[in-house]
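Please open the model in your viewer and keep the sequence panel beside it, so that each selection can be followed in both places. The tour goes from stop to stop, and at each one it says what to select and what is found there.

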Amino acid sequence: MDRGHIVDATSSETIVTAAYRTANAWERLCGLLGRAPLDVDEGLLIAPCGSIHTLFMAYPIDVVYLARDLTVLRVIPALRPWRCSIGFGAASTLELAAGGAARAGLVPGRRLRWEAARHT
């Protein structure tokens with residue numbers, strides 16, 4: 001997985017400090033399965049991805065559906081385990097700890113940007 005962070009495209013305010021981005025089909029398929037719950041400052045960006053499931057997960061997550069330019073299309077707060085969700089027209093999804101979308105002020109229309117981690 002690629003590491004980086006997600007910022008507001010207009011203000012450059014950091015939205016997700018420790019973000020991971022899927023790099024291949026296997027990572028997209030697995031997503032958060034088998035992983036510990038995300039911390040409040042963590043997120044997983046899955047692209048391309050227009051639908052997700054929480055089958056076999058033990059905790060709820062916030063799901064943010066994004067357009068191709070990473071504009072927020074829809075936010076699903078605290079999607080419980082054993083559920084499916086579709087973001088019609090979404091090109092990618094951002095998965096956050098439950099409550100993370102509200103804390104970050106993620107609402108439809110807000111545009112985000114991925115920034116890769118700098119390697120030293």
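Before the first selection, one term is needed: a residue counts as buried when its relative accessible area is under 20%, as exposed when it is over 50%, and as partly exposed in between. Please also keep in mind throughout that this is a predicted model.

**First stop: a patch on the surface**

Select Leu33, Phe56 and Trp82, which form a nonpolar patch on the surface and together have about 360 Å² of accessible area. Now keep leucine 33 alone, and you will find this residue in the loop between α1 and β3 (42-46). Is leucine 33 buried or partly exposed? Its relative accessible area is 31%, so leucine 33 is partly exposed.

**Second stop: a network of salt bridges**

The structure holds 5 salt bridges, and a good place to begin is the selection of Asp8, Glu13 and Arg110, which are linked in a network of such bridges. Look at aspartate 8 and arginine 110, whose closest N and O atoms are 2.7 Å apart in their salt bridge. Aspartate 8 belongs to strand β1 (residues 2-8), while arginine 110 sits in the loop between α2 (100-104) and β9 (112-116), so this pair ties together parts that are 102 residues apart in sequence. Both aspartate 8 and arginine 110 are buried, and for arginine 110 the relative accessible area is 15%.

Keep arginine 110 selected and turn to glutamate 13, with which arginine 110 forms a salt bridge whose closest N and O atoms are 3.1 Å apart. This pair, too, links distant parts of the chain, since glutamate 13 is in the loop between β1 and β2 (14-21) and arginine 110 in the loop between α2 and β9, 97 residues apart. Glutamate 13 has a relative accessibility of 43%, and therefore counts as partly exposed.

**Third stop: another salt bridge**

Next, select aspartate 69 and arginine 111, whose side chains meet in a salt bridge at 3.6 Å, N to O. The two residues are 42 residues apart, with aspartate 69 in the loop between β5 (61-66) and β6 (72-79) and arginine 111 in the loop between α2 and β9, and the pair links distant parts of the chain. Aspartate 69 is partly exposed, with a relative accessible area of 36%, and arginine 111 is partly exposed as well, with 42%.

**Fourth stop: the largest pocket**

Select Arg28, Leu29, Ile46, Ile52 and His53, which, among the 14 residues that line the largest pocket, lie nearest its centre. Which elements give two or more residues to this lining? They are α1 (25-30) and β4 (51-53). The largest pocket has a volume of about 200 Å³, and its lining consists of 9 nonpolar, 3 polar and 2 charged residues.

**Last stop: two pairs to compare along the chain and in space**

Select leucine 96, which lies in strand β8 (residues 92-97) and, at 3% relative accessibility, counts as buried. Add leucine 38 to the selection: the two leucines are 58 residues apart in sequence, and their C-alpha atoms are 6.7 Å apart in space.

Finally, select alanine 78, which is found in strand β6 and is partly exposed, with a relative accessible area of 37%. If you add alanine 101, which is 23 residues away along the chain, you can follow a separation of 9.4 Å between the two C-alpha atoms.

Notes: Residues are numbered from 1 along each chain as its sequence is written. This is a predicted model: local features need pLDDT of at least 70, side-chain atom pairs count only at pLDDT 80 or more; totals for chains, interfaces and linings use all residues. Side-chain values use heavy atoms; hydrogens and water are left out. On a 1 Å grid over the protein atoms alone, a cavity is a set of points where a 1.4 Å probe fits but cannot get out, and a pocket is an open set with protein on both sides within 12 Å along at least five of seven lines; lining residues have an atom within 4 Å of a point. Grid points are joined across faces, edges and corners, and a volume is the space filled by probe spheres set on the points. Helices (H or I, at least four residues) and strands (E, at least two) are DSSP runs, numbered from the N terminus. Ala, Val, Leu, Ile, Met, Phe, Trp, Tyr, Cys and Pro count as nonpolar, Asp, Glu, Lys and Arg as charged, and the others, Gly among them, as polar. A salt bridge is a side-chain nitrogen of Lys or Arg within 4 Å of a carboxyl oxygen of Asp or Glu. Buried means under 20% relative accessible area, exposed over 50%, partly exposed in between (1.4 Å probe, protein chains only). Patches are made of residues with over 30% relative accessible area and no salt bridge: like charges are joined within 9 Å, nonpolar side chains (Val, Leu, Ile, Met, Phe, Trp, Tyr) within 5 Å. Accessible areas come from the Shrake-Rupley method with a 1.4 Å probe; for residues, only the protein chains shown count as cover.
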